[in-house]
Every structure is written in C-alpha cells, then in structure tokens.
Amino acid sequence: TKYKETIVDAVNIWKTLESDLALTSHDNKQKFKKRIQQALSPYHYLANSTHPRYRGKSLTTDEFDIGMNIILTQHSTVVADIIII
C-alpha cells in the first residue's frame, strides 16, 4: 500500500523525527528548530490542530496558537464552527 502524506501529516513527521534524533547539543537543537521553521508554515499547524486524528496533540502551545491565529485573523466567520477537543 502506498501512503500519501499530506500537510496534516508533515507536522507529526517532523515531531517524530525531532524526538527520534534526541538531539543533545544546543547547537544541533537550534539547527533542527530552524529547519522545522523553514519546512512548516502556520497552515501546517492549523491543519494539524483541526484534523480529527491529530487535534494538535503533538504541537507546543506556541505552534497551536500560530495555527489558530490564522482562523482568528483571516477566517473569523468560521471560528464558532471549529470545535477542538
């Protein structure tokens, strides 16, 4: 079976990679953080936050807020329709 990874899955892939690498040096952690920032956009965080399977569980509070800020600032008419458990 071929898997089709989506924008939703990308966040969890990066988070799993970060965990699996278990970076110990501050320099390596900073380099990895910079790479994640290049790879993931606020829309990745939004998609992950609102997806029924992920629900933003692997996101930091800041990442979750970044995604939700898109809804609040660009799509405020649907805020009441989005329920995140």
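## Salt bridges and burial, explained

Q: Why is the link between Asp9 and Arg53 called a salt bridge?
A: The closest N and O atoms of Asp9 and Arg53 are 3.5 Å apart. A salt bridge needs a side-chain nitrogen of Lys or Arg within 4 Å of a carboxyl oxygen of Asp or Glu, so this pair counts. Asp9 lies in helix H1 and Arg53 in the loop between helix H3 (42–50) and helix H4 (61–74), so the pair ties together parts 44 residues apart in sequence. Helices here are DSSP runs (H or I, at least four residues), numbered from the N terminus.

One thing to know early: this is a predicted model, where local features need pLDDT of at least 70, side-chain atom pairs count only at pLDDT 80 or more, and totals for chains, interfaces and linings use all residues. Residues are numbered from 1 along each chain as its sequence is written, and side-chain values use heavy atoms, leaving out hydrogens and water.

Q: How do you know whether Asp9 is buried or exposed?
A: Buried means under 20% relative accessible area, exposed over 50%, and partly exposed in between (1.4 Å probe, protein chains only). Asp9 comes in at 7%, so Asp9 is buried.

Q: What about its partner Arg53, buried or exposed?
A: Arg53 has 53% relative accessibility, so it counts as exposed.

Q: What makes Glu63 and Lys15 a salt bridge?
A: Their side chains meet at 2.7 Å, N to O, which fits the cut-off. Glu63 lies in helix H4 and Lys15 in helix H1, so this pair links parts 48 residues apart in sequence.

Conventions:
Helices (H or I, at least four residues) and strands (E, at least two) are DSSP runs, numbered from the N terminus.
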